[in-house]
Amino acid sequence: RNNELIEAQRQLELGRVDVGCAEKDVVVGQTTAKRTLAPLNETRKAVERLLEQLKGEEDAIAASKAKEAELQAALQEAEHNTMQLSQAKGVTEEALAETRKVEKEQEEAYTRVVEENDALATKLAEARENVSRRTFEEGEAAAVLKKA
């Protein structure tokens, strides 16, 4: 009976050692989990910041596209005006014998429209360049997000 008690006590001590080792393993596991979660949380925060940046860039691109559409409409109107002025110029040239005053006014108006047309074309080219650059930046940001 004494041997049974001694054996039971020895088994109890072994159990305590096993419990102590398990407790240490749990602490090590928790520490490892915390170390693993910290970089993941930082990565998540970085991704959230990038998403916010992308949203701002998407808004800017949408505004740029709206401006580009506005400039395109103005360019078409200017081209239409130019065509009309060309026709008027042709008529004016036919009536040149009747009046030189009308021809002078038409040519000045034509020149003004062409200058406006050039200015609008320059703005449109700049808007297209901005859209291309932002699209490229979105692609780079998307690649960064995929890596993250």
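This is a guided tour of the structure, from the whole chain to a single serine.

The model is predicted, so that local features require pLDDT of at least 70 and side-chain atom pairs pLDDT 80 or more, while totals for chains, interfaces and linings use all residues. Residues are numbered from 1 along each chain as its sequence is written, and side-chain values use heavy atoms, with hydrogens and water left out.

**Select the whole chain.** Along the principal axes, its C-alpha atoms fill a box of roughly 140 × 15 × 15 Å. The radius of gyration of the chain is 39 Å, whereas a compact globule of 148 residues would have one near 15 Å; the radius is taken over C-alpha atoms, and the globule rule is 2.2 Å times the number of residues to the power 0.38.

**Colour by secondary structure.** Two helices and zero strands appear; these are DSSP runs, with helices (H or I) of at least four residues and strands (E) of at least two, numbered from the N terminus.

**Show contacts.** Among contacts in the chain with a separation of 6 or more, 85% join residues 24 or more positions apart (contact means heavy atoms within 4.5 Å).

**Select helix α1, then S64.** Helix α1 covers residues 2-94 and includes S64. S64 counts as buried because its relative accessibility is 12%; buried means under 20% relative accessible area, with a 1.4 Å probe and protein chains only. Of the 148 residues in the chain, 13% count as buried.

**Add the neighbours of S64.** Select A127, N130 and V131: S64 touches these residues, not counting residues up to four places away in sequence.

Definitions and conventions
Buried means under 20% relative accessible area, exposed over 50%, partly exposed in between (1.4 Å probe, protein chains only).
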